[in-house]
Amino acid sequence: MLEKLSLTCDRLLSHRQLACSHSYCGIPLNGKDMHIYSIRDLEQKPLLLTGHHGEISAMTFGKGSRPMLLCSASADYIIVWDIELCQRRTQEGKVAAGTVIGTLLGEVVHLSFCFSDEQVAVCSGSTVYILSSKRHEVTSTLTSHLGPLTSAEFCPWNKDILVTASEDRTFKVWDLKIEAVCYQSFVLSASPLLSVFFLKESRHLITGSTDGQVWCFALSEDHKCHLVTKMDLQKMEKRHHMHQGTVSHQSGASEQSAVDNVEISKPVLKMALCSSFTDTINEHKTDNSWLCIGSSDGLYVVDLATSELLTVLYFKDYADLSVTMAGSWSFSPGQDESMLLLVSSLFTPCVVLFELHLCDLRRMQAYGEGFSVFPSSPPLPESPLNAELKKEPNRPKKKGGIKEQPLVFHTKVKSSGYTSAPRSVMFSPKTNILKNLSFKTANKKTGSLLRDYPEDSAAPTIPHKHLSTGKKPVNCFQYSGDGKQILCGLGDSSVLLYKSSLSGNPTVYTGHDKPVSSVSWSLNRQWWLSASEDQSLRLWTHGSPEPAIIMSNTIFSKPIRSAQFYYLDKFLLLASGPSLYLYLYNVDSTRDTIKRYQQRSVVKLARCITTTSSTDITAMSAINDFFSYIVLVCGSDRSIQLFDMNMGRVASELPDAHSRAVHCITQNRGSMFSTQAQDSYNLFLTSAVTDGVKIWDLRTLRCVRRYENHLNRCHPCSSAISPCGRFIATGSEDNCAYLYDIRCSSYLHKLQKHSDTVLSVAFNPATPERKTLSSYCSGQTVNTEVDSAVCSRMSH
C-alpha cells in the first residue's frame, strides 16, 4: 500500500463515514465544514464547503461521474452538493452552496446513493429515510428494526429494493414500492451487523459483523435469500498462516504473537469487489470473486468462490504508514488498475489516503506450474505404463490320443416332436413380413446412431421413476459408458445389473463376503469389476455368473477403497491402505468343465506406489476414456496427492485440502456423447464431511470454487459432474439432492421426494438424466440402508 495523503484533523473521526471517489475525497473540518481534495492533484488547494450548523457525521459520493454529487449529513441538515458547480462558484469568488434535502432527522450514521443518484438512503436510529437528491422531499420512512441501523444499500439490478443492516443482528430486504419488508433474516450472530454489499454479476448479498463473520446470500427474484457461504476472518487467517508456514511452535514466538494480537475480533467495516476497480479491457478473471474487506488491523482479500483468504495487508507490516489501527474505510476505483482507500485512524485524529495496485495482489497470488490430464509426451521407456504381459510359448501338440471335440456340432438340437401335441393347423400364411422387417430395420438403424448430449439442455429436475430395492444397502453405483445399464454394489455383498430405464428384474452377481465398496465399468462395456470390504476384487464378464478374475484377500492387507479400469482398459487400478496398485491382466472366460476352480485369466502386478506420508487412501480417481498419466488420490490426513504414473511416483501434494478427510473425488470425464473444451477436463471435485464440495483445477493446483448449500454432517455423500460439464450434483442429508451450476456457488435446484439421506448421484452419459440413491439410517450405522433409487429426467 502506498500512502498518498495524510491529514491531521482537529478531532477523532474513527467511526465517521468518510467519502471517496475516483476523483475526489472529502473529510470533515472543524466539525461543521468539509475539505474536498482532488485525487489527480493533491497539491491543489482543497475545496471548502460550509453550510452545516451541527457536527458532520456521514458523507458519501454519488455513483455517477457527471455531475459528481456529494451528500453530507449532520443532526440539522442533509445537504447534496454538486462538486463541479461548487468549484466554479468558488473560482468566481462566490460562496459554494448545496441543496438541503432533509432537516432534523436525528444523528445520521450512514448515507447511500441509489445507482441513478436520484435517491438517498439516510440511516438515523432505527429508521431509514428515503430522500430525493434534488429537492426537500421524504419519499419513504421505513421503520422495522429493533436496534439502531448501521448500513443501507440500494440493489444495483432493482432500484426498488433496499437492504438494511442493524445492531439487532439482522438484515431486512425492503420493497420501496409498497414500503414493506419482503424478507427478514434470522439473527445471524451474537454481534451487530456493520456493513452490506451487493454482487451484481452473481446477484448475491454480503453482510459482515463486528466479530469478523461474513455471510453471502443469494437474492432471488422473489426477494427471498438463501445462504451461499459463511466465512470467519479469524479462522481463515489461521488457515492462511498455516499454509504460508508462518505458525511457529516455539514458546518465544508464541509469546510474541500473543503480545501482537491484542485485537480479539476483526470487524467488517467496509467491503468492495476488486473487479470494480479494474479496466474492463484488461480485467482478469481471477478478480471477479476477490472481495476486499477493510478491518481494524488491515485489508483482507478473500476469494468468495472458494471462501479462502488470499492475502492480508497489515498496517503493522508497513513501518512508514501513519495509521496502525483503522476506524472506518472508504473504497474507490483509481487509475491504471488501482484502488483508493480512505482510512481514518482508530485512536488518533488522522485520515490517510492509500493507493493499492491490483497487479501487486496478483503477483502475491502467482500460481505455480500445474498439470494436465492430457499427456504432453509419450511414455518414458522405463514407465510402468509400458509394461506388457509375456505371452506363453506355444507348446507342441501331443500326437495321437483322443482329440477334444464336442459330440454335437450345433448349439441347439431339433426335437423329434414325440412329446409335443399334434398340430391342428398345418399351414398359416404370414402376411405382415415386410412390415415387421421394415420396422425392425428402421429401429436397428436409428438405435445404432450415437446422439450428441444436448449442450444447452436444462438441468434434470422432474422425477421420472422410483424403484425400491428392499432393505438391501446400496453403497455405490455407476452407469455404463453408453448409458444403457447401471451397476449397483450392495451392502449384502452382491452386485445388481439394471437397465438404465430401471425396468425388469436385475441380474444378480454374488461371490463377495462383505459389502461391495466400489464398482467400475470397462471402456468396451464387456467387463466390470467389483471391490469389497472383504479385501477382494472380482472381474466379471457378460453372460457369465462366475467372475473371470478373482483377486483374493491374501493379496491385500486392508480393504480396497476404490478400484477401476485404467489407461484404456489396459490396467486394473486399485487403492488399498497407503498403496496404489497397478495390475496388468488378460481375461480368458473359458473354463475346463472338470477343473472349474482353475481360472485361465492372468493378473500381474506392474507397479505399487505408496503415498508420501504412508497415509491410508480414502478415495481415488483416474480417467480411463483416454490416455492420461494422472491419478488423483485422497488420504486420511486430509491431503490430495497427484500420482504421475508415467514416472511412477507422487508428483505433487495438496495438504489440508479439506477440514476432514475426503470421502469422494470425481474428475470431469465427459462422455462419448459430448465434447467439452480441453481445459475443462482438468477440473475435479472433492467432497468431505462438514466441508462441502470443492472444485479444483489441475493447471493451478488450487481450489477454484466451493459449494456448501447442501447438508453433509456425517454421511459420505458423493458428487458428480454432468457430461456437458455445466452442472454439479451432490447428495445431501436433508432428504434432497442438490444441483449446482458449475459457475455459481448457489444451487439451481433442490430435488426432493426422497425418503432419507441421498448418498450417491450419477448423470446418464447419453441423455440429460440423473440417478440418485437415498438412504435409510438406523442408529449409528455409517453404511446406511438404501430404500429407493430415483431417476430424474428433464421435461421437454
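A search of the whole predicted model finds 23 salt bridges. The general basis of such pairs is that side chains of opposite charge can pair when their charged atoms come close. Three of these contacts are set out below.

| Salt bridge | N to O distance | Location of the basic residue | Location of the acidic residue |
|---|---|---|---|
| Arg16 and Glu55 | 3.1 Å | loop between β1 (2-8) and β2 (19-20) | loop between β5 (47-49) and β6 (58-61) |
| Arg561 and Glu533 | 3.4 Å | strand β38 (residues 560-566) | loop between β35 (527-532) and β36 (537-541) |
| Arg706 and Asp691 | 3.9 Å | strand β49 (residues 702-707) | loop between β47 (683-688) and β48 (692-697) |

The Arg16 and Glu55 side chains meet in a salt bridge, and the pair links distant parts of the chain, 39 residues apart. Glu55 is partly exposed, its relative accessible area being 36%.

For the bridge between Arg561 and Glu533, one partner lies in strand β38 and the other in the loop between β35 and β36, so the pair ties together parts that are 28 residues apart in sequence. Both residues fall in the intermediate class of accessibility: Arg561 is partly exposed at 40%, and Glu533 is partly exposed at 23%.

In the bridge between Arg706 and Asp691, the partners belong to strand β49 and to the loop between β47 and β48, so parts 15 residues apart in sequence are tied together. Arg706 has a relative accessibility of 9% and therefore counts as buried, the limit being under 20%. Asp691 is likewise buried, with a relative accessible area of 9%. Through shared partners, salt bridges join Arg239, Glu308, Asp691, Lys694 and Arg706 into one network.

**An open four-stranded sheet and its helix**

Four strands, in the order β22-β23-β24-β25, make up an open sheet with antiparallel pairing. Its edge strands are β22 (270-273) and β25 (308-314), each of which pairs on one side only. Averaged over the sheet, and with direction ignored, neighbouring strands are turned by 20 degrees against each other. Strand β24 (residues 298-303) is joined to β25 by six bridges in the antiparallel sense; within this region, Val301 stands opposite Thr311 of β25. Helix α2 (residues 233-244) packs on the sheet and touches β23 (290-294), β24 and β25. The direction of α2 makes about 90 degrees with that of β25.

**Nonpolar cores**

In soluble globular proteins, nonpolar side chains tend to be buried together. In this model the largest nonpolar core has 24 residues, and Phe315 and Leu341 have the most contacts inside it. Two or more residues each are contributed by β23, β24, β25, β26 (326-333), β27 (338-345), β28 (350-357) and α4 (358-364). The greatest contribution is that of β28, which gives four residues. A second core, separate from this one, has 21 residues, including Phe197, Val228, Met236 and Leu273.

**A hairpin and residues with positive phi**

Strand β20 (residues 213-219) pairs with strand β21 (residues 225-232) over seven bridges, in the antiparallel sense. Trp215 has Lys230 in β21 as its bridge partner. The two strands, β20 and β21, form a hairpin with five residues between them. In its turn, His223 has a positive phi of about 70 degrees.

Positive phi values also occur in loops. Leu104, a residue other than glycine, has a phi near 50 degrees and is found in the loop between β9 (99-103) and β10 (108-113). Leu104 counts as exposed, with a relative accessibility of 69%. Arg638 is not a glycine either, yet has a positive phi of about 70 degrees. The position of Arg638 is in the loop between β43 (630-635) and β44 (640-644), and at 29% relative accessibility this residue counts as partly exposed.

**Overall composition**

The secondary structure of the protein comprises five helices and 56 strands. Of its 796 residues, 52% are buried. Among contacts with a separation of 6 or more, 51% are between residues 24 or more positions apart. The protein exposes about 38900 Å², of which carbon and sulfur atoms supply 51%.

Key. Residues numbered from 1 in each chain as written. Predicted model: local features only at pLDDT ≥ 70, side-chain atom pairs only at ≥ 80, totals over all residues. Heavy atoms only, no water. Pairing = 2+ DSSP bridges. Axes fitted to C-alpha atoms, helices over the stretch in contact; angles between N-to-C directions. Contact = heavy atoms within 4.5 Å. Core = buried A, V, L, I, M, F, W, Y, C linked by side-chain atoms within 4.5 Å. Buried < 20%, exposed > 50% of the residue type's maximum accessible area, 1.4 Å probe, protein only. Areas by Shrake-Rupley, 256 points an atom, 1.4 Å probe, with all protein chains shown as cover. Salt bridge = Lys/Arg side-chain N within 4 Å of Asp/Glu carboxyl O.
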